[in-house]
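Trainee: I'm new to this structure and would like a close look at one part of it. Please choose a pair of packed helices and show me what surrounds them.

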Amino acid sequence: MNETKKRLEVLGKPRRRVDGRAKVTGQLRYADDLSMPRMLHAKLLRSPHPHAIVESVEAEKAKQHPGLKLVLTGQDFPVPFGIMPVSVDEYPLARERVRYVGDPVAAVIAVDEQAATEALRLLEVRYKVLKPISGPQEGLENPEPRIHDYGEQGNIHRNLSYEFGDVGEALRNADFVAEDLFFYQGNTHLPMEQQASLAFLDPEGKLQICSCTQNPHYLQRQLSRVLQIPEPRIRVVATPNGGGFGGKCDPGGHEFVVCKAALVLGRPVKIGLTREEVFYVHRGRHPVLMRMKTGVTREGKLTGMHLQTLLDGGGYGSHGPASTFYTGVLTPVTYHYPRFKFEACRVFTNKPACGPKRGHGTPQPRFGQEVQLDKIAERLGMDPLELRLKNLTKAGELTASWLRVGSTGLEDCLRKVAAMSGWKDRHAQLPRGKGVGLACSTYMSGAGVAIYWNKMPHSGVQLLLDRSGTVVVYCGATEIGQGSDDVLAAIVAETLGVDTGSVRVVTGDTGITPVDLGSYSSRVTIMAGNAAVQAAERLRASLATAVCETLGTLPDRVVFSQGKVFAADNAGAGMSFVEAVAMAEAQLGTLSAVGSYSPPKPPGRYKGAGVGPSPAYSFSACVVQAEVDERTGWLHVPKIWIAHDIGRALNPVLARGQVIGGVYMGLSEATMEEQSFRRLPEKLSGALVHRAPSMLDYKSLTALDMPEVEVALIEDPDPNCPYGAKEVGQGPLLPVMPALANAIYDAVGVRIDEIPITPDKVLRALEAKARGKAPRVGPESYPSVPYPEPTFVLPPWEGGDGNEMRKGGGKRAAAAVV
Amino acid sequence: MLRLPWFEYRSPRTVAEAVKILAGEGPGAMLVAGGTDLLPNMKRRHQSPKALVSLRAIDELRKLNGSYGAGLTLAEVVAHPGTPAALRQAAAQVATAQIRNMGTLGGNLCLDTRCTYYNQTEEWRKAIDYCLKKDGSVCWVATASKRCVAASSTDTAPALIALDAKVKLAGPGGEREIPVEALYNNDGIDYLSRKPDEVLTGVVVPGGWQSTYWKLRRRGSFDFPILGVAAALKMDGDLVAEARIALGAVASRPFRVDKAGEFLKGKRLSDQVIAEAATLVANRAKPMDNTDMDLYWRKEVADDFTEYALKELRGDDLSAVRTRTARRQPGWIGHR
């Protein structure tokens with residue numbers, strides 16, 4: 001095959017994305033643009049109480065409304081759902097209990113949205129109000145009332161502890177131990193598109209839902225479970241998402257409601273959530289309190305880390321079991337820690353459920369880790385850049401926790417971003433009030449295991465090739481704005497030597513596309529991409545076999561390039577791609593091929609080792625410049641530099657867009673975003689409400705507020721990835737927050753150990769500094785958390801085999817493994 | 001999406017006709033101009049007027065000769081070359097370009113007061129059992145307060161107060177002219193002295209002032225003010241002949257800080273004088289925890305913003321500070 005290897009013709013070149021025209025001309029049809037004859041509209045009644053028992057839902061008055069067609073309540077949905085098999089704890093409409101203000105209780109379906117709105121007000125619900133739990137510490141202190149009757153104990157949902165080598169010893173043997181507390185406030189995805197769904201029965205009577213979901217496959221499974229209908233009778237079409245960021249991964253109550261209503265009424269039923277409802281559906285960034293102890297030698301070598309996290313989970317499980325792991329597991333991927341221990345606890349609270357948001361669980365510890373490294377560098381009198389370079393993980397190494405690092409361009413990223421930003425001339429040298437800060441990060445190119453246990457591929461692609469020369473790519477992957485359709489089209493075009501104009505992409509439709517697990521965990525480019533490469537290579541092999549005799553060469557010497565097919569040693573002769581297809585179709589019949597992809601088995605073999613492994617990790621290094629007004633604490637960010645190790649940029653325009661989008665979201669989280677709540681005075685009210693469930697009052701940066709971002713893409717193709725391309729959708733967000741915190745320290749010498757970093761906090765720290773107190777704002781204490789006995793695993797270099805051990809030697813008996 | 005309640009829509013052609021409709025409909029009718037504040041509020045059921053009386057078709061409200069017609073859009077006010085700096089800067093920093101193209105000068109002056117417990121949907125407000133300003137009995141900002149403390153959030157009013165402007169109100173009994181400051185009551189509910197059957201028709205802005213407006217808000221792109229400082233000076237050589245400083249967004253009404261004006265009179269704008277004036281102004285800022293950002297911090301920076309305003313009027317180059325706080329490039333609208 002080597003002789004047929006050609007220079008890349010489609011990939012690596014900046015191209016207009018395949019769905020770009022439809023998007024900028026407004027022709028793309030999002031879920032809320034869909035309309036059908038006889039379509040009805042649904043609205044949800046949501047709980048005004050943070051914690052209550054639903055005693056009754058009275059619908060008599062609502063039923064008098066002339067436009068009303070149907071009322072649904074919790075009694076219509078006896079079967080619960082949950083995106084993860086270990087936390088199936090949610091009903092489409094609350095059956096007995098509401099767990100946050102905004103929990104859906106009932107639905108009305110009416111002739112139009114206006115009528116539905118009016119009828120909704122006529123529903124009468126009787127609640128028995130329970131004491132709300134407003135935060136994780138309150139949840140730990142109050143095992144009763146229990147928000148759920150499952151979980152570890154009381155209001156603890158998940159509680160984990162893992163120790164890789166004796167960390168106590170590693171810290172004792174260090175020259176010093178840095179110990180810090182950090183807090184990262186929760187925030188939400190804020191996609192431009194609010195959730196919308198349209199359900200109807202197709203002419204055969206089968207259920208179809210068009211919905212802006214990131215994961216049509218998981219939604220199909222959950223619909224089948226909740227509605228008790230076999231999967232073949234349900235078709236889920238993921239409409240193009242107007243932004244996902246993790247917020248459209250969980251199935252939503254509204255999706256079950258419109259399906260059920262369509263089944264009952266036999267008419268199309270649509271719902272479009274209001275912006276306020278999107279804040280309640282949430283599943284965004286967990287608020288996380290962290291304690292981080294890191295041992296260091298005088299030479300600046302890390303000896304080990306002990307990380308503890310406490311997550312505010314909100315009212316339901318959602319992806320929480322995974323999120324809990326992610327507040328620990330990716331921490332040792334950027335730097336070499338000879339030993340590592342993490343303990344993580346997720347507590348149920350009476351607020352909208354948290355879940356996966358861009359970076360899923362990892363921005364929080366990454367913030368702490370990178371700020372703490374900055375503090376360590378200062379203590380050692382070392383350039384933070386040098387400290388980082390000294391401790392980088394190496395390509396192919398295993399971490400103490402048995403993650404395989406694979407390819408890494410982090411050193412290149414660091415050197416590049418230092419050069420671009422003029423780090424050596426700026427850090428610690430800018431005039432007072434101005435500073436630069438550095439931070440690094442990594443992220444997975446796809447999670448190593450599926451959300452539900454199975455041995456099947458994570459992604460499948462089917463190609464259909466017809467005599468016109470058109471290639472149709474079928475894949476379950478979902479376009480959420482990240483450019484996955486473009487990736488698929490480009491990879492297939494490249495492999496078959498055609499341009500993307502000959503390729504049509506059909507994605508995210510469980511009725512016609514092979515399963516892909518969904519658009520989450522930055523998995524689509526690598527997993528669907530690898531499946532597409534395999535399918536296209538198979539198709540190319542069929543074509544080569546069919547035409548090689550005519551070309552007078554062997555099949556593996558047939559070249560596909562720029563719409564032509566020719567022998568490697570006779571480029572002047574040959575035929576067009578269309579002629580080759582016709583010849584092959586004549587010989588072989590209708591042409592089609594499938595490809596699929598399963599990630600490699602993770603090296604760790606202990607229980608829990610499935611969270612964190614990935615076929616490849618991306619790496620980023622970022623420098624933020626900050627200006628701080630010392631009189632007001634006002635914070636200004638004039639410039640950000642970032643280098644991202646992407647393996648290969650399949651479409652550099654899209655890749656840069658993703659990097660800048662990530663930086664945007666990171667800076668917004670760093671400086672203002674807060675999914676925060678108001679607990680009214682307890683004597684007067686039991687209310688616990690979202691402070692600002694609106695686009696105006698939930699503060700996030702706009703395009704106009706963005707500084708210039710200078711992007712460098714570090715390209716060193718990764719062998720596990722399609723044409724070497726690693727992820728870019730999530731990683732570039734992660735270093736921005738700590739880089740900003742470090743820049744502020746460089747500018748004015750104060751530490752803000754919590755996110756968001758607002759002017760009032762900066763001013764408070766400056767005032768503390770002026771009074772001779774610790775120049776810091778951040779959490780002051782860490783509550784007592786009943787973490788379990790750790791699962792103990794020896795690091796690879798201490799003779800471990802990836803299995804759980806007894807601390808001090810010897811395998812733990814299988815029976816003891818819980 | 002959130003739906004509007006049902007309402008009747010009236011579209012008079014003249015102010016007189018509008019006044020007549022208002023008088024006939026009684027308190028159930030409301031005026032609407034650009035609708036950028038009222039219509040979202042109606043969707044949240046802050047107001048559910050029986051009838052909306054639109055001012056859009058009244059040509060006389062859109063004139064600009066000697067005085068500003070209340071129906072001029074904020075974008076038109078900004079674009080007018082004769083608009084004084086403070087008014088231009090204030091109008092240019094209201095919301096977004098789209099809203100400035102719809103929202104009017106009169107509408108911004110009559111902007112409903114705002115509060116984080118009030119500017120929420122009806123469902124949200126139900127979850128806190130409503131509040132004093134609308135449908136409830138407790139002010140959640142200050143639970144002991146008998147008075148609603150919702151914040152005045154108009155940008156143009158403090159600018160116009162500093163500029164010594166007057167508003168014209170037309171009612172059944174004819175037209176009256178009052179100082180802009182007198183248009184407001186320090187009450188989050190009954191915040192306007194405009195009578196229900198009066199139409200705000202225009203604003204008379206005298207010339208001769210050097211003026212500026214500084215707005216504190218979280219984002220430069222769009223946000224309501226959480227502090228507005230407007231300053232206008234008349235100079236006699238390097239001495240202050242007359243000074244007017246007004247604050248916005250730190251009470252239920254915009255107001256003038258007379259003491260600071262008196263203090264500045266006859267003085268040279270030294271750093272010391274500016275700092276003292278700024279302290280006098282900041283002492284009057286009483287922000288509440290009912291809008292964005294930490295309230296103690298908002299109180300703390302009131303003097304800084306006053307200093308920015310006075311130093312800019314002195315002729316200091318504050319373009320860098322402007323860029324950082326307004327997040328706008330120097331010279332965007334900055335000339336005096």
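Mentor: Here is a walk that begins at one helix pair and then moves outward.

This is a predicted model, in which local features need pLDDT of at least 70 and side-chain atom pairs count only at pLDDT 80 or more, while totals for chains, interfaces and linings use all residues. Residues are numbered from 1 along each chain as its sequence is written, and chains are lettered from A and ligands numbered from 1 in the order in which they are written.

Our pair is in chain A: helix α17 (residues 652–671) and helix α18 (residues 736–748) have axes 8 Å apart and pack at an angle of about 55°. Helices here are DSSP runs of H or I with at least four residues, strands are E runs of at least two, and both are numbered from the N terminus. The axes are lines fitted to C-alpha atoms, for helices over the stretch in contact, and the angle runs from 0 to 180 degrees between N-to-C directions. α17(A) and α18(A) are therefore oblique to each other; angles under 35 degrees would count as roughly parallel, over 145 as roughly antiparallel and 65 to 115 as roughly perpendicular, with the rest oblique. The crossing of α17(A) past α18(A) is right-handed, meaning that the near helix is turned clockwise from the far one by less than a right angle, whereas anticlockwise would be left-handed.

Next, look at who touches whom. From α17(A) come V663(A), G666(A), L667(A), E669(A) and A670(A), and they meet V736(A), M737(A) and L740(A) of α18(A). By class, the residues of this contact are six nonpolar, one polar and one charged. Nonpolar means Ala, Val, Leu, Ile, Met, Phe, Trp, Tyr, Cys or Pro, charged means Asp, Glu, Lys or Arg, and the others, Gly among them, are polar. "In contact" means that the C-beta atoms of two residues, placed from the backbone, lie within 7 Å.

L740(A) is a good residue to follow outward. With neighbours within four places in sequence set aside, L740(A) is in contact with G437(A), V624(A), A626(A), V637(A), A670(A) and I757(A). L740(A) is also one of the residues, with V473(A), V492(A) and I744(A), that touch the most other members of the largest nonpolar core, which has 282 residues. Helix α15 (residues 524–551) of chain A gives the most to this core, with 15 residues. Another core of 69 residues lies apart from it, and includes V71(A), C212(A), L219(A) and Y698(A). A nonpolar core is a set of buried Ala, Val, Leu, Ile, Met, Phe, Trp, Tyr and Cys residues joined through C-beta atoms within 7 Å. In soluble globular proteins, nonpolar side chains tend to be buried together.

A charged residue makes an interesting next stop. D486(A) lies in helix α14 (residues 484–496) of chain A. D486(A) is buried, because 22 other C-beta atoms lie within 10 Å; 20 or more make a residue buried, 12 or fewer exposed, and anything in between partly exposed, with C-beta atoms placed from the backbone. Beyond its neighbours within four places in sequence, D486(A) is in contact with R17(A), V18(A), D19(A), N651(A) and L654(A). D486(A) and D19(A) are 467 residues apart along the chain, yet their C-alpha atoms are separated by 7.2 Å.

Two peptide bonds in chain A also deserve a glance. I755(A) and P756(A) are joined by a cis peptide bond with omega about 5°, and P756(A) sits in the loop between β30 (754–755) and α19. Another cis peptide bond, with omega about -5°, joins E144(A) and P145(A); P145(A) is in the loop between α4 (136–141) and β7 (156–164).

Finally, step across to the partner chain. Contacts link 34 residues of chain A with 28 residues of chain B. On the chain A side, α3 (113–120) and α19 (759–770) are the elements that give two or more residues. That side has 15 nonpolar, eight polar and 11 charged residues.

Chain B offers a helix pair to set beside ours: the axes of α10 (residues 271–284) and α12 (residues 302–314) come within 8 Å and cross at roughly 135°. That makes α10(B) oblique to α12(B), and α10(B) passes α12(B) in a right-handed crossing.
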